[in-house]
Amino acid sequence: MLHVRSIWNGAISFGLVSIPIKLVNATESHSISFRQIHTEDGGRIRYRKFCELEDREVTQGEIGKGYEDADGSIIPITDEDLSSLPIPTAKTIEIVAFVPADRIDPLQMDAAYYLQASGAPAAKPYTLLREALKRSNKVAIAKFALRGRERLGMLRVVGEAIAMHGLLWPDEVRAPEGVAPDTNVTVRDQELDLADALMDTLGEVDLEDLHDEYREAVEEVIAAKAAGEALPQAPEPAAGGKVLDLMAALENSVRAARESRGEEAGEHAEVKSLPQRTTARAAPKQTGGKKSASTAKKTAAKKTTASAKKTTAKSGQGTKKTASKSTAKKTTTKKSTPRKRPA
C-alpha cells in the first residue's frame, strides 16, 4: 500500500458498479529547489500576503477564492459551492468508454495518478475492473473533476494497480501548423541508409540506466561551495563548425557511436560502403575458369570489367565446344580447334 497522502477521495463509476478509491500522485520531482535571497547579505526573500483594503498581512486561514468579473468586481466562491456542482463527476471518476490505447494521442497526456482501492469493500470491484482492462487490451476513458475543473482521464493497468493519466481536452492541443520546414527537401536513399545505420548503432536503451546528469552536476557545485572547495570545471566544448556535408556528418556520427560502444575500428569501413550497396548488388559476380559460349556472349555484350581474366569469345558455325576430355568420346561431331589466345 502506498504511504502517500491522497489528493482526492471518491469512487470509480463502472456502469452500475461503484469502486471507492483514493487518488495519489504517481510521479515525484527530484529537481533541486532554490530559495530567493538578498545578494548583499544572503537574507531570505519572503512573500507576505496583504489585504489591499485593510493594508495588513493576513493568515492562510483568512484566504479564500473568488472570481473576478469583467467589471473588476470579485464574486466569492467557497469550497461548499464547488462541492455541490450539478455534475456527476464532482466526486466520481465516470468511465464513459473503452478504446484501444493507440487511439490516445501522446500530446494529450498530462499528470499521472494511481487509483488506490479504499477499504476492503473496494477490493473485489477494483480487481474486476483491472482484470477486465487486462483481458480487453483497452484503456478506459473517464471524466472527473479536480482542482476546480472537469478533466478527461485514461485508466490503464500498471503492474497490479490501476493508473490514471490526465488528458487534455482535444481543443487544448495545438495543431502543428508552421512547425515543419516550408521548403521542398529531397532525402536521398544513401542518406536514409546512413540514418538507419546510425539508429541501429545507437540501438535500444534501458530507461532505468538513464539519470539526471544536470541535477548531479548541481549537487557537486553545492557540495563544493559548502566545503569551501574549488568548483568542478566544465569540460571544454567540442570544436564545431558549420555542417556542410550531411553524408559526412552521418558517417562521423555512426563512427562515434560505434567507438562509444567499444566496437572495433575495422567495422567503420562498413559504414562508408552503405551508399554503394545497391550498386554492388547490381554488378555481376566475378567468376574464374572457362566460360561457355552463351556466357561469353552475354559478358561481351555487357562490357563488364569485373571478370578476373579477359577472354576472347570463340566464333564459328554450329555448337561451340570447349576443349575437354569429353570431346574425344564423340565421333560424329567435328572437333573444333581452339584459337590461340592473343598475347
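Which side chain does R56 meet in a salt bridge of 2.4 Å, N to O? Select R56 and look for E54, because E54 is the partner there, and a salt bridge here is a side-chain nitrogen of Lys or Arg within 4 Å of a carboxyl oxygen of Asp or Glu. Keep in mind as you click around that this is a predicted model.

**Stop 1: around R56**

Keep R56 selected and add E62. The side chains of E62 and R56 meet in a salt bridge too, at 2.9 Å from N to O. Now switch on the surface: R56 is partly exposed, with 34% relative accessible area. E62 is also partly exposed, at 44% relative accessibility. What brings such side chains together? Side chains of opposite charge can pair when their charged atoms come close.

**Stop 2: other salt bridges**

How many salt bridges does the structure hold? The count is 11, so there is plenty to click on under the 4 Å cut-off between nitrogen and oxygen. Go to R149 and E172 for one of them: their closest N and O atoms are 3.0 Å apart. R149 sits in strand β10 (residues 149-158), while E172 belongs to the loop between β11 (161-167) and α3 (189-202), so this pair ties together parts that are 23 residues apart in sequence. Both ends can be found on the surface view: R149 is partly exposed at 34% relative accessibility, and E172 is partly exposed at 37%.

Next, select R130, E131, K134 and E160 together. These four are linked in a network of salt bridges.

**Stop 3: two aromatic rings**

How many aromatic pairs does a search of the whole structure find? The search turns up one. Select F14 and F98 to see this pair: the rings meet edge-to-face, 5.9 Å centre to centre, with 70 degrees between the planes. Color by strand and you'll see that F14 comes from β1 (residues 8-14) and F98 from β7, so the pair links distant parts of the chain, 84 residues apart, with strands taken as DSSP runs. F14 is partly exposed, at 21% relative accessibility, and F98 is partly exposed as well, at 33%.

While you're on strand β7, pick V99, which is placed in that strand. Is V99 buried or exposed? V99 is buried, because its relative accessible area is 12% and the cut-off for buried is under 20%. Now draw a distance from the C-alpha atom of V99 to that of N137: it comes to 8.8 Å, for two residues 38 apart along the chain.

**Stop 4: a nonpolar patch**

Show the surface again and select L82, L85 and I87. They make a nonpolar surface patch of about 210 Å². Zoom in on L85, and you are in the loop between α1 (79-83) and β7 (92-100). L85 counts as partly exposed because its relative accessibility is 40%.

**Stop 5: a negative patch**

For the last stop, select D212, E213, E216 and E220. What do they form on the surface? They gather in a patch of negative charge. Pick out E216 and follow the backbone: E216 is placed in helix α4 (residues 213-227). At 35% relative accessibility, E216 counts as partly exposed.

Conventions: Residues are numbered from 1 along each chain as its sequence is written. This is a predicted model: local features need pLDDT of at least 70, side-chain atom pairs count only at pLDDT 80 or more; totals for chains, interfaces and linings use all residues. Side-chain values use heavy atoms; hydrogens and water are left out. Patches are made of residues with over 30% relative accessible area and no salt bridge: like charges are joined within 9 Å, nonpolar side chains (Val, Leu, Ile, Met, Phe, Trp, Tyr) within 5 Å. Accessible areas come from the Shrake-Rupley method with a 1.4 Å probe; for residues, only the protein chains shown count as cover. Lys and Arg count as positive and Asp and Glu as negative; His and the chain ends are not counted. The place of a charge is taken as NZ of Lys, CZ of Arg, CG of Asp or CD of Glu. Helices (H or I, at least four residues) and strands (E, at least two) are DSSP runs, numbered from the N terminus. Buried means under 20% relative accessible area, exposed over 50%, partly exposed in between (1.4 Å probe, protein chains only). Rings of Phe, Tyr and Trp (its six-membered ring) pair if their centres lie within 6.5 Å; planes under 30 degrees apart count as stacked, over 60 as edge-to-face and the rest as tilted.
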